[in-house]
Amino acid sequence: MSTDPIADYLTKIRNAIMAKHKVVEVPASNIKKEITKILYDKGYILSYKFEEDQKQGMIKIALKYHPQTKAAAIKSLKRISRPGLRKYASVEKIPRVLNGLGIAILSTSRGIMTDKEARKMKVGGEVLCYVN
């Protein structure tokens, strides 16, 4: 039993990228599904598929690589808020990742969203992770 499923999700993706895998499978949850949708919308992954089964289901993620250089689209995934130390940010204090080149994923009262969307909607929340 894992105490931090989001950290496990990010670690599985990070390990798959380091091993140059094309597809990675992770156990599904609603938060992981929302994070996966954000990664797809922002162009960090090629595609994803939610597979339902009797238990919790799986998320299949097709990782994105540059055609010539074989470099991954995701340079780094960093977990910020964790069960032992939660990190919250108000609207004014929402962090900028690489001065706007990366994204911060936040869990807000209006759902899971990127830092730019949270600033636009004027809501703060828990900073889940940084992606660049």
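In this predicted model, three strands form an open sheet in which the order is β1-β3-β2 and the pairing is antiparallel. The edges of the sheet are occupied by β1, residues 23-27, and β2, residues 45-51, and because each of them has a single partner strand, one side of each is left without a neighbour in the sheet. When direction is ignored, neighbouring strands of this sheet are turned against each other by 20 degrees on average. The antiparallel pairing of β2 with β3, the strand of residues 58-63, extends over 6 bridges, and within β3 it is A62 that serves as the bridge partner of S47.

Two helices are placed against these strands. Helix α1, which comprises residues 5-18, lies across β1 and β3 and runs at about 165 degrees to β1, whereas helix α2, which comprises residues 30-41, lies across β1, β2 and β3 and runs at about 155 degrees to β2.

The helices also meet one another, since residues P5, I6, Y9 and I13 of α1 are in contact with I31, K32, I35, T36 and L39 of α2. Of the residues that make up this contact of α1 with α2, 7 are nonpolar, 1 is polar and 1 is charged. The axes of α1 and α2 come within 10 Å and cross at roughly 40 degrees, and the two helices are therefore oblique to each other. The crossing in which α1 passes α2 is right-handed.

How values were computed. Residues numbered from 1 in each chain as written. Predicted model: local features only at pLDDT ≥ 70, side-chain atom pairs only at ≥ 80, totals over all residues. Heavy atoms only, no water. Pairing = 2+ DSSP bridges. Helix = DSSP H or I, 4+ residues; strand = E, 2+ residues; numbered from the N terminus. Axes fitted to C-alpha atoms, helices over the stretch in contact; angles between N-to-C directions. Contact = heavy atoms within 4.5 Å. Parallel < 35°, antiparallel > 145°, perpendicular 65-115°, else oblique. Left-handed = near helix turned anticlockwise from the far one by under 90°. Nonpolar A, V, L, I, M, F, W, Y, C, P; charged D, E, K, R; others polar.
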